[in-house]
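Welcome! Have a look at the sequence and the 3D view below, and then we can walk through the fold together.

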Amino acid sequence: MGNVLQDGILWLSNQMDEHVSIDIVYQRNADLIPLKATKGRSLFEQVDANNMVIGVESRDFLVSSSNLMLHSQRIEPIEGDQIIESVGSETWLYEVTAFINDQCFRYCDPFRLRMRIHTKFIGEVAA
């Protein structure tokens, strides 16, 4: 018998991909990886030397880590990779970014089945 918690998380991840996801393209250099992703956000705060709170909001993309494959190898996001999101005739570009002493992604579960990729909006891509 498998791990019930792991099986449940895998089932939920598959449900998210099937029912609440969008199509994106993950880009590293010239390589393009089509993926299903659920959109999210993260808030980061830091207090500077003058006791001022600096806040940043990230556009996050939650993806199945087993689908982030490049040249038959599972990869992890790195800063500078890009995500392309298209809706109708509009296309937006995001850059994978680490915010305020954090990594550019984190796993969403203890089994590393799903990951949350932090990005910043770069701009609209001209058609």
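## A walk through a predicted chain

Let us begin with one residue: the side chain of Asp81 makes a polar contact of 2.7 Å with the side chain of Arg28. Keep in mind as you read that this is a predicted model. Asp81 sits in the loop between β5 (73-74) and β6. A second polar contact, of 2.5 Å, links the side chain of Asp81 to that of Tyr26.

Is Asp81 buried or exposed? Its relative accessible area is 3%, and because buried means under 20%, Asp81 counts as buried. Leaving out residues up to four places away in sequence, Asp81 touches Tyr26, Gln27, Arg28, Tyr94, Glu95 and Val96.

### The whole chain

Now step back and look at the chain as a whole. It holds one helix and nine strands, and along the sequence these elements follow the pattern α-β-β-β-β-β-β-β-β-β. The C-alpha trace spans about 55 × 40 × 25 Å along its principal axes.

Of the 127 residues in the chain, 35% are buried. The accessible surface comes to about 7900 Å², and carbon and sulfur atoms account for 51% of this. As for charge, there are 11 positive and 18 negative side chains, and the centres of the two sets lie 3 Å apart.

How much of the contact network joins residues at least 24 apart in sequence? Among contacts between residues at least 6 apart, the share is 56%.

### How the strands pair

Next, try following the strands from partner to partner. The table lists four pairs, which are worth finding in the 3D view.

| Strand pair | Direction | Bridges |
|---|---|---|
| β1 (residues 22-28) and β6 (residues 82-87) | antiparallel | four bridges |
| β6 and β7 (residues 90-96) | antiparallel | six bridges |
| β1 and β2 | antiparallel | seven bridges |
| β2 and β3 (residues 53-64) | antiparallel | ten bridges |

You can also pick out residues that face each other across these pairs. Between β1 and β6, Gln27 stands opposite Gln82. Moving on to β7, Tyr94 in that strand stands opposite Ile83. Arg28, met above as a polar partner of Asp81, has Asp31 in β2 as its bridge partner. In β3, Glu57 is the bridge partner of Leu43.

Some of these pairs are hairpins, and their turns deserve a closer look. The hairpin of β1 and β2 has two residues between the strands, and here Asn29 takes a positive phi near 55 degrees. In the hairpin of β6 and β7, there are two residues between the strands, and Gly88 has a positive phi near 60 degrees. For β2 and β3, the hairpin has five residues between the strands, with Asn51 in the turn at a positive phi of about 60 degrees.

### Two more residues to find

Look next for Thr38, which lies in strand β2 (residues 31-47). With a relative accessibility of 11%, Thr38 counts as buried. A polar contact of 3.5 Å joins its side chain to that of Arg114. Setting aside residues up to four places away in sequence, Thr38 touches Met16, Val20, Ser21, Asp60, Phe61, Leu62 and Arg114. Here is a general idea to keep in mind while you look along a strand: in a regular strand, side chains alternate between the two faces of the sheet.

Our last stop is Tyr107, found in strand β8 (residues 105-107). What does a relative accessibility of 22% make Tyr107? At that value, Tyr107 counts as partly exposed. Which side chain joins that of Tyr107 in a polar contact of 2.7 Å? The partner is Glu76. These two residues are 31 residues apart along the chain, and their C-alpha atoms are separated by 10.0 Å.

Apart from neighbours within four places in sequence, Tyr107 is in contact with Ser65, Glu76, Arg112, Arg114 and Met115. Arg114 may look familiar, since its side chain also makes the polar contact with Thr38.

Conventions
Residues are numbered from 1 along each chain as its sequence is written. This is a predicted model: local features need pLDDT of at least 70, side-chain atom pairs count only at pLDDT 80 or more; totals for chains, interfaces and linings use all residues. Side-chain values use heavy atoms; hydrogens and water are left out. Buried means under 20% relative accessible area, exposed over 50%, partly exposed in between (1.4 Å probe, protein chains only). Contact means heavy atoms within 4.5 Å. Accessible areas come from the Shrake-Rupley method with a 1.4 Å probe; for residues, only the protein chains shown count as cover. Lys and Arg count as positive and Asp and Glu as negative; His and the chain ends are not counted. The place of a charge is taken as NZ of Lys, CZ of Arg, CG of Asp or CD of Glu. A polar contact is a pair of N or O atoms within 3.5 Å; within protein, one must be able to donate a hydrogen and the other to accept it, and residues adjacent in sequence count only if both atoms are side-chain atoms. Two strands pair if DSSP finds at least two bridges between them.
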